[in-house]
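Here are my notes for you to read alongside the model. Take them one point at a time, with the viewer open.

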Amino acid sequence: MTRKVADCRKFPSEMDCTLTITGEEEEVVRAATEHAVSVHSHEDTPELREQVRASLEDEKVAV
């Protein structure tokens, strides 16, 4: 299974957040949503979770 990556640097924020979360898709969606709520004051909604899921990229593995 391909691991997924959520990279907060790809989204503009006032705090210039640099957090990157890598893992299996559901783990990353959960952790990135919790981060968005606790750090960036977003509301935990189905729409937010879908935005997070849509922004995920496959992990690039060094060869």
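**Notes on the fold and its details**

1. The chain has 2 helices and 3 strands. Both kinds of element are DSSP runs numbered from the N terminus: helices are H or I with at least four residues, and strands are E with at least two. If you walk along the sequence, you meet them in the pattern β-β-α-α-β. The chain's radius of gyration is 12 Å, close to the 11 Å that the globule rule gives for 63 residues, so it is as compact as a globular protein of that length. That radius is taken over C-alpha atoms, and the rule is 2.2 Å times the number of residues to the power 0.38.

2. Before going further, a word on what you're looking at. This is a predicted model, where local features need pLDDT of at least 70 and side-chain atom pairs count only at pLDDT 80 or more, while totals for chains, interfaces and linings use all residues. Residues are numbered from 1 along each chain as its sequence is written, and side-chain values use heavy atoms, with hydrogens and water left out.

3. Now the overall picture. Along its principal axes, the C-alpha trace spans about 35 × 25 × 15 Å. Of the 63 residues, 27% are buried; buried means under 20% relative accessible area, exposed means over 50%, and partly exposed is in between (1.4 Å probe, protein chains only). Among the contacts with a separation of 6 or more, 41% join residues 24 or more positions apart, where contact means heavy atoms within 4.5 Å.

4. Have a look at helix H1 (25-40). H1 has 16 residues and reaches 21 Å from its first C-alpha to its last, close to the 22 Å expected at 1.5 Å a residue; the expected span is 1.5 Å times one less than the number of residues. Its buried residues include Val28, Val29, Ala32 and Ala36. Looking down the axis of H1, the buried residues fall within an arc of 160°, so they line one face of the helix. The arc is that of the directions from the helix axis to the C-beta atoms. The cover over these buried residues includes S1, S2 and H2.

5. Which residues does Leu56 touch? Leaving out residues up to four places away in sequence, they are Lys4, Val5, Ala6, Glu25, Val28 and Val29. Leu56 sits in the loop between H2 and strand S3 (57-58), and Leu56 is buried, at 13% relative accessible area. Its C-alpha is 9.5 Å from that of Thr22, with the two residues 34 apart along the chain.

6. Why are there 0 disulfides here? The sulfur of Cys8 is 3.6 Å from the closest cysteine sulfur, in Cys17, which is too far for a bond; a disulfide needs a pair of cysteine sulfur atoms within 2.5 Å. Cys8 is buried, with a relative accessible area of 14%, and Cys17 also counts as buried, at 14%.

7. Last, two backbone spots to check. Most residues other than glycine have a negative phi. Asp16, though, has a positive phi near 50°. Asp16 is in the loop between strand S1 (4-7) and strand S2 (20-23), and is exposed at 62% relative accessible area. Ser41 has a positive phi too, about 60°. Ser41 follows H1, in the loop before helix H2 (46-55), and is exposed at 64% relative accessibility.
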